[in-house]
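This report goes through one chain and its ligand, from single residues to the overall fold. The sequence and structure come before the discussion.

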Amino acid sequence: MNYKHSFHAGNFADVLKHMALLGLIEALQRKEAGFLLLDTHGGRGGYLLDSYEAQKTSEAAGGILRLLDRRPVEQQPKRRQAPPPMLARYLEAIDRFDAEAFPGSGSGIAPLRAYPGSPLLAARALRPQDRLVACELQPSEHAALAKALAPWPRALAELRDGYAAVKAQLPAPERRALVLIDPPFEAQEAEYDAILTAVREGLRRMPAALFAVWFPIKRKAGIARLLRRAADLPAKSVLLAELMVRPDDSPLRMNGCGLLLVNPPYRFDQALAQTLPALREGLGETLPSARLDWLRREEAA
Ligand SMILES: C[S@@+](CC[C@H](N)C(=O)[O-])C[C@H]1O[C@@H](n2cnc3c(N)ncnc32)[C@H](O)[C@@H]1O
C-alpha cells in the first residue's frame, strides 16, 4: 500500500468529509445517550501543512486554505458572506486545532500549519459518554495515530483492517453508531465491493447504524454503478452529497468527490443543502457543481 494521507490533508475532499463528520457528530449529540464512532480508515490523526508531502502537492491550497483566510479583514481580497452554520463550526474547529498545536499562530495572521484528520477531529468533539474506535492498517500511520489519540481515554487506535472492524464492533453496546468509511481507493472497483459488503454487514448487525462513505470522482460515469448499488442497500434512507470543483473531463485526476450517508440524522439533508453552495463557491475552480439527492428514502408510515 502506497497511500499516505499527508500528501492530501486539507484538500477539498477533506473539507467536505470533515465538515460533514463534525455535522453528524453534532446531530447525534442532540440526544444525551452516547454513541460509538467507528472510523474504519483513520490515517495518522494529525498533519502538518508545511511538511514535505503537503508542500509537494499543495492540495490544501485548493481546500482549507481557500476557506480559512486568517488575514486581518482589511487585507482579505473580498469579505465573504458569513459561512452557513455547519461550515462555520468546521472552520472554527480547524482554526482552534492549529492555534493549540502552534500557540500564537491563531492570532489571525499566521497561515494554518496543523490540520486534524478525522479521528483527531472526532476525538476533540466527543463527550465523555461517546466512544471512538479508529482503525489503520499501516503500522507507521497507526503508531502516529495511537500517539495522537493518547490524551483521550475513550478513543482507541486499532492496527487492523477497518472493514473487518465493522463486523467486530457492531452492534455497538451504546445502541447508536456512526461509521465513517474513508478508504484510499487504490483499486476503485474492488474498494466499492469492500465498502458495500461492509455496509451491508453493518446494517444486518445494526439496522439503525449511520454510515458515511467518502468516495472520489474522476468521471461521473465511473460512479453510476456505485450509486445504483447504494440505492439498493437495505437501509431506511441513503443520501448523496456531491461536490465537483471542475468538470469531470479528465479520468486522470480527482475532479470532485461524494459522500454517501446511509440512515442520516433527521434534517441533515437540510443542513447540507445550506452548506453545499458555499463549498461550491468557495472551493470551485472551473464550472463547479454540487448535488444533493436521496438515492433511497422510505416514506414515514
Ligand atoms: C484516506 S486515508 C484516511 C484519512 C482519514 N480518514 C482522515 O480523514 O483524516 C486512508 C487511510 O486508510 C489506511 N488503510 C488502507 N486500507 C485500510 C484498511 N483495509 N483498514 C484500515 N486502514 C486502511 C491507509 O493507510 C490510509 O492511512
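## Two backbone outliers

Phenylalanine 185 is partly exposed, because 16 other C-beta atoms lie within 10 Å and a residue needs 20 or more to count as buried. The model is predicted. Phenylalanine 185 has a phi of about 55 degrees, a positive value, although it is not a glycine. This residue sits in the loop between β6 and α8 (188-205).

Serine 58 also has a positive phi without being a glycine, near 55 degrees. Its place is the loop between α2 (52-57) and α3 (64-67). Buried or exposed: which applies to serine 58? Serine 58 is exposed, because 12 other C-beta atoms lie within 10 Å and the exposed class takes residues with 12 or fewer.

## A cis peptide bond

The peptide bond that runs from leucine 170 to proline 171 is cis, and its omega is near 0 degrees. Proline 171 lies in the loop between α7 and β6 (177-181).

## Surroundings of the ligand

There are 21 residues around the ligand, and those that come nearest are His41, Gly43, Gly117, Ser118 and Gly162. Two elements, β4 (131-136) and α7 (162-169), give two or more residues each to this shell. Sorted by class, the shell holds 7 nonpolar, 9 polar and 5 charged residues.

Ser118 is also a member of helix α5, where it is buried. Helix α5 covers residues 118-125 and is mostly covered, with 6 of its 8 residues buried. Besides Ser118, the buried residues of α5 are Pro119, Leu120, Leu121, Ala122 and Ala123.

## Two buried positions

Glycine 45 is in the loop between β1 (36-39) and β2 (46-48). Glycine 45 counts as buried because it has 26 C-beta neighbours inside 10 Å. Leaving out residues up to four places away in sequence, glycine 45 touches Gly117, Pro119, Leu120, Ala144, Leu145, Ala148 and Leu149. Among these contacts, Pro119 and Leu120 are buried residues of α5. Alanine 122 is 77 residues from glycine 45 along the chain, and the two C-alpha atoms are separated by 9.9 Å.

Isoleucine 181 belongs to strand β6. With 24 C-beta neighbours inside 10 Å, isoleucine 181 therefore counts as buried. Which residues does isoleucine 181 touch, not counting those up to four places away in sequence? They are Thr40, His41, Ile195, Ala198, Phe211 and Val213. His41 is also one of the residues that come nearest the ligand. Between isoleucine 181 and alanine 9 there are 16 Å in space, C-alpha to C-alpha, and the pair is 172 residues apart in sequence.

## Helix α10

Helix α10 runs over residues 268-283. Its 16 residues should span 22 Å at 1.5 Å a residue, and the end C-alpha atoms are 21 Å apart, so the computed distance agrees with the expected span. The helix has a kink of about 30 degrees at threonine 275, shortly before proline 277.

The buried residues of α10 are Phe268, Ala271, Leu272, Thr275, Leu276, Ala278, Leu279 and Leu283. An α-helix has 3.6 residues a turn, so residues three or four places apart point the same way. The buried residues of α10 pack against three helices, α1 (12-28), α3 and α4 (85-101), and against the strands β8 (237-244), β9 (256-262) and β10 (289-297).

Alanine 273 is also in helix α10. Alanine 273 counts as partly exposed because it has 14 C-beta neighbours inside 10 Å. Its C-alpha atom is separated by 23 Å from that of alanine 125, which is 148 residues away along the chain.

## The chain as a whole

The chain has 10 helices and 10 strands. Its C-alpha atoms fill a box of roughly 55 × 45 × 40 Å along the principal axes. How does the radius of gyration fit a compact globule, and what is its value? For 301 residues a compact globule would have a radius of gyration near 19 Å, and the chain has 18 Å, so the value agrees.

Of the 301 residues, 45% count as buried. Among contacts between residues at least 6 apart in sequence, 77% join residues at least 24 apart.

Methods: Residues numbered from 1 in each chain as written. Predicted model: local features only at pLDDT ≥ 70, side-chain atom pairs only at ≥ 80, totals over all residues. Near = placed C-beta within 6 Å. Helix = DSSP H or I, 4+ residues; strand = E, 2+ residues; numbered from the N terminus. Nonpolar A, V, L, I, M, F, W, Y, C, P; charged D, E, K, R; others polar. Rg over C-alpha atoms; globule rule 2.2 N^0.38 Å. Contact = placed C-beta atoms within 7 Å. Expected span 1.5 Å × (residues − 1). Bend = angle between axes of the 7 residues up to and from the residue.
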